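Here's a quick walk through the fold, strand by strand, with a stop at the core and the helix. Keep the viewer open as you read.

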Amino acid sequence: MPPRSGVIMATHFPAGHPMAEHDFRRTALNASHTLIECRTLSAGLYQVTGQGGGVQTGDTLICTIKGSSDLPLPLEVAKVRYLINPPGQWTATAKGPDLRGQSVLGWSVQCDECARDQPFEFLAYDKDDLQERTSKASRRITELGWQPRGDNHLCPKCARLVAAIS
Ligand SMILES: [Zn+2]
């Protein structure tokens with residue numbers, strides 16, 4: 001990717017431009033690009049400021065949902081503007097999920113086998129009842145590699161061990 005300079009309004013891109021995915025989550029260790037700010041402009045519309053990464057229109061930016069430490073927020077770049085100063089800094093308008101009425105909840109799960117405790121986060125509507133929250137929590141820990149066993153759960157490590165011996 002050639003270095004960019006000047007102010008570029010990239011509202012169009014040539015056909016065949018490969019859509020790139022840029023992971024800006026705090027848990028992602030990538031020093032080549034940095035997220036400076038991600039703020040909500042309106043429902044489902046975000047403004048992202050970052051540094052580096054060669055971000056272009058149509059790319060996907062994986063940010064972190066506000067109020068969470070690692071919940072991914074995938075955003076599609078609608079427009080990106082590069083700044084002359086500081087060099088490499090850009091501001092993008094991006095489309096994403098409408099998070100109104102939803103909150104990040106922090107729960108924890110304990111392994112039925114080794115008793116390891118893991119805190120985790122998930123997104124739920126404020127109007128969700130306990131049953132809906134519980135099913136969203138279950139979905140999230142499944143994404144994290146936990147497996148159900150009866151009413152309880154096994155951590156990814158124990159789930160692998162149990163699978164190996166049975
Ligand atoms: Zn375990």
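Which residue in β3 stands opposite Glu37? That's Thr49. One thing to keep in mind throughout: this is a predicted model.

**The sheet**

Six strands make up an open sheet, and if you walk across it you meet them in the order β1-β4-β5-β6-β3-β2, with mixed pairing. At the edges sit β1 (21-23) and β2 (34-42), each of which pairs on one side only. Neighbouring strands here are turned by 35 degrees against each other on average, ignoring direction. As general background, strands of a sheet pair through backbone hydrogen bonds, either parallel or antiparallel.

Four of the pairings are laid out below, each with a pair of residues that face each other.

| Strands | Sense | Bridges | Opposite residues |
|---|---|---|---|
| β2 and β3 | antiparallel | seven | Glu37 and Thr49 |
| β3 and β6 | antiparallel | seven | Tyr46 and Ala94 |
| β5 and β6 | antiparallel | six | Lys79 and Thr93 |
| β4 and β5 | antiparallel | five | Cys63 and Leu73 |

**Around β6**

Strand β6 (residues 89-95) is a good place to zoom in. Its covered face carries Trp90, Ala92 and Ala94, while Gln89, Thr91, Thr93 and Lys95 are on the uncovered one. On one side β6 pairs with β3 (residues 45-51), and β5 (residues 72-82) is also joined to β6. Lys95, from the uncovered face, stands opposite Glu76. β5 and β6 form a hairpin with six residues between them, and Gly88 in that turn has a positive phi of about 85 degrees.

Is Leu45, over in β3, buried or exposed? Neither, really: Leu45 counts as partly exposed because 14 other C-beta atoms lie within 10 Å, and a residue needs 20 or more to be called buried. Leaving aside residues up to four places away in sequence, Leu45 touches Thr93 and Lys95, and both of those belong to the uncovered face of β6. Leu45 and Ala78 are 33 residues apart in sequence, yet their C-alpha atoms are 9.6 Å apart in space.

**The cores**

The largest nonpolar core has 16 residues, and the ones with the most contacts inside it are Val48, Leu61, Cys63, Leu75, Ala92 and Ala94. At least two residues of this core come from each of β2, β3, β4 (60-64), β5 and β6. The biggest giver is β5, with four residues. Ala92 shows how the pieces meet: not counting residues up to four places away in sequence, Ala92 touches Val48, Val55, Val77, Lys79 and Val80. Apart from this core lies another, of six residues, including Val109, Cys111, Trp146 and Leu154.

**The helix**

Now for helix α1 (residues 130-143). Its 14 residues reach 20 Å from the first C-alpha to the last, close to the 20 Å expected at 1.5 Å a residue. How many of the 14 residues of α1 are buried? Just one, so the helix lies largely in the open. After α1 comes Gly145, with a positive phi near 100 degrees.

Conventions:
Residues numbered from 1 in each chain as written. Predicted model: local features only at pLDDT ≥ 70, side-chain atom pairs only at ≥ 80, totals over all residues. Buried ≥ 20, exposed ≤ 12 C-beta atoms within 10 Å, placed from the backbone. Pairing = 2+ DSSP bridges. Axes fitted to C-alpha atoms, helices over the stretch in contact; angles between N-to-C directions. Expected span 1.5 Å × (residues − 1). Contact = placed C-beta atoms within 7 Å. Core = buried A, V, L, I, M, F, W, Y, C linked by C-beta atoms within 7 Å.
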